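Colleague: I would like a close look at a single part of this model, followed outwards into what surrounds it. Please take your time, and explain each term when it first comes up.

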Amino acid sequence: MLTKRLIVCLDVRNGKVTKGVKFKENVDLGDPVEMGRKYYLDGVDELVFYDIMASAEKRPIDIAMVRAVARKVFIPFSVGGGIRNLDDMREVLLAGAEKVSVNSLAVQNPDIISQGARAFGKQCIVLGMDAKKTGLPGLPSGYEVFVQGGRKAMGIDAIEWAKKAVALGAGEICVNSIDADGTKDGYELTLTRLIAEAVDVPVIASGGAGTPSHLVDVFNKGKADAGLVASMVHYGTYTIPAIKADLSAAGIPIRAAV
Amino acid sequence: MIVIVDYKAGNLTSVQLALAEVGEESVISSDPAIIAAADHLVFPGVGAAGSAMEELRRMDLEPVLKAYVATGKPFLGICVGCQIIMDWSLEDGRTDCLGLLPGGTDIFAASPESKVPHMGWNQIRFTKRAVSGRGPRHPLVMGIPDGSEFYFVHSYFPTPADTDHVLALTDYGGKPFASILGSGNIAACQFHVEKSGRWGLALLKNFCRWDGRLEGDGVC
């Protein structure tokens, strides 16, 4: 049976893993390659590295870091932030990443999704999406897409955007709830479920994980295929084996931590 | 020397890095002389079977691979490399493949419970061909527990004509498919060995230690 996936997210700023609350108040936590290696050895199923300042600073992604990760981590990992075009995608994939994640770029230029899917295969292209319940009139779901690290509202419906991205060739959707991000109060289950039911590609839930039971909920009620965690493991509150043991005990199919 | 066949099939570096992690040096090459001189050949694959075969033929590597396999030295196909060792593939229309093992490929039927591609970690179950009563016996899977998870990304899967060539099965879409194939000095995995963590590395290490021969009846 295909297992649910536990994914650790490493936000990288100035070469260090960082963590903020609701996209603000960032603190440095350590070296991304070393932290990635540790989570890999602990049995995490996948890793995500976001170069969170690349877009804002209008510079390419830190490709040396991607290469260094590929030398130390032997599970799939994806890379996002600072992807500007097809050449950037190619560079990241050839450096050893399994997938690339596009967010703001895809909202501005949806064609990049289909171009990437054609060139590298759908399974390489992850649509990252930051969404927030704004109730803006005209949005069928009430959830609105934001770009630029959650700073800029786009007036686009999150569910509609997810469907469009999949039609264009996105192989996976990572849904980040701006409201839940960093709160440790649990994932935004409704948003996750609405998207999981609307598309036929895997959905990764992001934002709000604080305990293993939040993951159980997002798999069972949110219908997610994978759950992204950050602070609950970065600060040592939980370990990967402990989370997996809890998921397994709750009846969630999950790969054994080794 | 371990050689990774380069036929412009995408990212070969990951395979090389995984080999380095288990202490094995390798070269990535499309040079027929280097491939012929290999003592272990790794045949990765990313993308579609049709375009992969097209590229192999354009580079005139088909006879080189067949000649290598005929020497009895160990050969490992990975992912699409596990499909194009078959007689044919239905990907990109019907494509004639290498014909190293009899049979073809099929595609998963998509459903809400089993999305296509099959992507993520899934378990393998060894067949009787791979194990004895004392645990895994085929040299490739030595020390790897039954039920271990490996990382898959694929829509097509091999359908060997001879069930004796199936070393492991994986369940997806409500039925099992062949996830490890083996016949003589040929072995192939549908999953990405290089991205499958501890057990993927263990399998690679086993491959590097294998001389291509099998004990007893010549199968296991």
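Which residue takes a positive phi in the hairpin of E15(B) and E16(B), and how many residues lie between the strands?

Modeller: The residue is B:Gly184, which takes a positive phi near 55° in a hairpin that has two residues between its strands. Before going further, please keep in mind that this is a predicted model, in which local features need pLDDT of at least 70 and side-chain atom pairs count only at pLDDT 80 or more, while totals for chains, interfaces and linings use all residues. Residues are numbered from 1 along each chain as its sequence is written, chains are lettered from A and ligands numbered from 1 in the order in which they are written, and side-chain values use heavy atoms, with hydrogens and water left out.

The two arms of the hairpin are strand E15 (residues 175-183) and E16 of chain B, which pair in the antiparallel sense over four bridges; two strands are said to pair if DSSP finds at least two bridges between them. Strands here are DSSP runs of at least two residues and helices (H or I) are runs of at least four, both numbered from the N terminus. Across this pairing, B:Ile180 stands opposite B:Cys189 in E16(B).

E16(B), which spans residues 186-189, is covered on both faces, with B:Ile186 and B:Ala188 on one side and B:Ala187 and B:Cys189 on the other, all of them buried. Buried means under 20% relative accessible area, whereas exposed means over 50% and partly exposed lies in between, with a 1.4 Å probe and protein chains only. The background to this two-sided pattern is that, in a regular strand, the side chains alternate between the two faces of the sheet.

E16(B) also pairs with strand E4 (residues 75-78) of chain B, this time in the parallel sense and again over four bridges, and here B:Gly77 stands opposite B:Ala188. E15(B), for its part, is joined by six bridges to strand E14 (residues 166-172) of chain B, and those two strands run antiparallel. In that pairing B:Tyr172 stands opposite B:Lys175 of E15(B).

The hairpin therefore takes its place in a wider arrangement, an open sheet of eight strands in chain B with mixed pairing and the order E2-E1-E3-E4-E16-E15-E14-E9. Its edge strands are E2 (26-29) and E9 (125-126), each of which pairs on one side only.

Stepping back to the whole of chain B, its secondary structure comes to six helices and 16 strands. Its radius of gyration is 16 Å, close to the 17 Å that the globule rule gives for 220 residues, so chain B is as compact as a globular protein of that length; this radius is taken over C-alpha atoms, and the rule is 2.2 Å times the number of residues to the power 0.38. The C-alpha atoms of chain B fill a box of roughly 45 × 40 × 30 Å along the principal axes, and 57% of its 220 residues count as buried. Among its contacts between residues at least 6 apart in sequence, 72% join residues at least 24 apart, where contact means heavy atoms within 4.5 Å.

Chain B exposes about 8,300 Å², of which carbon and sulfur atoms supply 51%; such areas come from the Shrake-Rupley method with a 1.4 Å probe, and for residues only the protein chains shown count as cover.

Chain B also meets its partner, since its helix H1 (13-21) is among the elements against which the buried residues of helix H2 in chain A pack. That helix covers residues 63-72, and its buried residues include A:Ile63, A:Met65 and A:Val66. Strand E5 of chain A is another of the elements in that packing, and E5(A) pairs with E6(A) in the parallel sense over three bridges. Within E5(A), which covers residues 77-80, we find A:Ser78. This serine is buried, with a relative accessible area of 4%, and stands opposite A:Lys99 in E6(A).

Chain A as a whole has ten helices and twelve strands. Its radius of gyration is 17 Å, close to the 18 Å that the globule rule gives for 258 residues, so chain A, too, is as compact as a globular protein of its length.
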